[in-house]
Amino acid sequence: MTLLLYGAYGYTGELIAREAVDRDLDVIVAGRNGTKTRGVGIQLGTESRVFPAEDAADNLGGVDAALNCAGPFVETYEPFVEACLESGTHYLDITGEFPVFDALAERDREAEKAGVCLLPGAGFDVVPTDCTAGHLHDRLQGATHLRLGFEAPTSVSGGTVASAIEHASAGGKVRRDGVVEEVPLSGESRTIDFGNGPKHAVRIPWGDVSTAYYTTGIENVEVYTAMPELAARAMEVSQPVSTLLSVEPVKRGLQALGRQLAAGPSETERERGRTYVWG
Ligand SMILES: NC(=O)c1ccc[n+]([C@@H]2O[C@H](COP(=O)([O-])OP(=O)(O)OC[C@H]3O[C@@H](n4cnc5c(N)ncnc54)[C@H](OP(=O)(O)O)[C@@H]3O)[C@@H](O)[C@H]2O)c1
């Protein structure tokens, strides 16, 4: 099976490319910057393809599955999905973005007809929490409410910051009676024991609000993450400012800053960090 990995010189894309090569998968690395893409290809000894996401249709020859690691994904998923449906190529990405989950759920029939899998959210968002949701549903058939939570190491990559900023002005999200509703960001908090003592946790607009409904059929879904009370309070107080993020130049400026400042977890953090999932 040949896997084309787009966004291969990003923090996450490169880690996945290395892992895929270590596992002897047949990988093609791809991205929009020629020097960086070819650099990763040379390091890993793989073929490289350089193209903007909009040109995905011309670049999937000989590819069985495309894994998109170039986010914010609202800007990249569409041409890939169109090209994958057209060419009979499976599509995966590592998004956590609601508009992408919702758009791809709508295209289920087309995917079935084309004989391909459209699988957004194949990263930490939402695989472990979705497995927890599925497990809880198996154990508690007939459940009407689902609460999920996780505690993760705090350092994140620049792309994750940029993607969070991309959607920050959209506020929080919960699913009520089957419908995804907008709620105030950080509007709800609770104490959760993730297995290592009670922690303060706040409600966040995590991808499971969209996806757990498809996995379990449960119509009321909320997701929480561990956050020190002080940080949660700061988020609450700064909420009115988040509307500024709908102003395009402000958003772009902060995204560029976020990309520069957030280097992503170090090798040691990746090796030693622990993440806990709760439901
Ligand atoms: N689900 C999960 O568990 C998980 C985990 C980590 C990250 N993520 C998500 O994955 C995405 C990437 O994160 P990262 O940490 O790897 O970020 P990163 O280091 O900033 O890398 C992003 C990559 O995507 C490319 N890219 C961004 N926008 C593009 C566009 N419009 N067209 C073509 N290429 C584009 C970048 O190329 P340029 O440098 O040329 O812009 C770069 O190669 C983020 O959305 C993040 O939230 C998800």
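Q: Hi! What comes right after helix 3, and what is its phi like?
A: Hi! Helix 3 is followed by Gly88, and the phi of Gly88 is positive, near 70 degrees. Keep in mind that this is a predicted model.

Q: Okay, and which residues of helix 3 are buried?
A: Helix 3 covers residues 77–87, and the buried ones are Tyr77, Phe80, Val81, Ala83, Cys84 and Leu85.

Q: What do those buried residues pack against?
A: Their packing partners are strand 1 (2–6), strand 4 (65–68), strand 5 (90–93), helix 4, helix 5 (108–114) and strand 6 (118–119).

Q: Let's try helix 8. Which residues are buried there?
A: Helix 8 spans residues 208–216, with Asp208, Val209, Ser210, Thr211, Ala212 and Thr216 buried.

Q: And what covers them?
A: The cover includes helix 4 (98–106) and helix 6 (127–139). Strands are part of it too, among them strand 7 (145–151), strand 8 (172–176), strand 9 (179–183) and strand 12 (220–226).

Q: What about the phi of Gly217, just after helix 8?
A: Gly217 takes a positive phi there, about 80 degrees.

Q: You listed Asp208 as buried. Which side chain does the side chain of Thr129 join in a polar contact?
A: That would be Asp208: the two side chains are joined by a polar contact of 2.9 Å. Thr129 has its place in helix 6.

Q: Is Thr129 buried or exposed, and why?
A: Thr129 counts as buried because its relative accessible area is 0%, and the cut-off for buried is under 20%.

Q: What does Thr129 touch, leaving out residues up to four places away in sequence?
A: With those left out, Thr129 touches Phe124, Leu148, Phe150, Trp206, Asp208 and Val277.

Q: New topic: the ligand. How many residues surround it?
A: There are 21 residues around the ligand, and the closest are Tyr9, Arg32, Phe124, Ser157 and Ser163. Phe124 has come up already, as one of the residues that Thr129 touches.

Q: How far is a ligand oxygen from the side chain of Tyr9?
A: An oxygen atom of the ligand sits 2.6 Å from an N or O atom in the Tyr9 side chain. Backbone atoms come into it as well: a polar one of Gly10 is 3.4 Å from an oxygen atom of the ligand, and a backbone N or O atom of Thr12 is 2.8 Å from an oxygen atom of the ligand.

Q: How much of the ligand's area does the protein cover?
A: On its own, the ligand has 910 Å² of accessible area, and the protein covers 82% of that.

Q: Which helix gives the largest share of the shell around the ligand?
A: Helix 7 does, with three residues. Helix 1 (11–22) and helix 7 (158–168) each supply at least two residues of that shell.

Q: How do the shell residues divide into nonpolar, polar and charged?
A: Eight are nonpolar, ten are polar and three are charged.

Q: Which domains does the shell draw on?
A: At least three of its residues come from each of domain 1 (2–119) and domain 2 (127–278).

Q: What separates the centres of those two domains?
A: Taken over C-alpha atoms, the centres of domain 1 and domain 2 are 24 Å apart. The contact between them takes 14 residues from domain 1 and 20 residues from domain 2.

Q: Switching to backbone oddities: which peptide bonds are cis?
A: One of them runs from Gly71 to Pro72, with omega near 5 degrees. Another joins Asp125 and Val126, with omega about 15 degrees. Pro72 is in the loop between strand 4 and helix 3, while Val126 is in the loop between strand 6 and helix 6.

Q: We've had glycines with positive phi. Which residue other than glycine has a phi near 65 degrees?
A: Asp24 does, and you'll find Asp24 in the loop between helix 1 and strand 2 (26–31). Asp177 has a positive phi too, about 50 degrees, although it is not a glycine. The place of Asp177 is in the loop between strand 8 and strand 9.

Q: Last one: is Asp24 buried or exposed, and why?
A: Asp24 is exposed because its relative accessible area is 69%, and exposed starts at over 50%. Asp177 counts as exposed too, at 61% relative accessibility.

Terms used: Residues numbered from 1 in each chain as written. Heavy atoms only, no water. Buried < 20%, exposed > 50% of the residue type's maximum accessible area, 1.4 Å probe, protein only. Helix = DSSP H or I, 4+ residues; strand = E, 2+ residues; numbered from the N terminus. Contact = heavy atoms within 4.5 Å. Near = heavy atom within 4 Å. Polar contact = N/O pair within 3.5 Å; in protein donor to acceptor, adjacent residues only side chain to side chain. Areas by Shrake-Rupley, 256 points an atom, 1.4 Å probe, with all protein chains shown as cover. Nonpolar A, V, L, I, M, F, W, Y, C, P; charged D, E, K, R; others polar. Domains from an automatic or database assignment.
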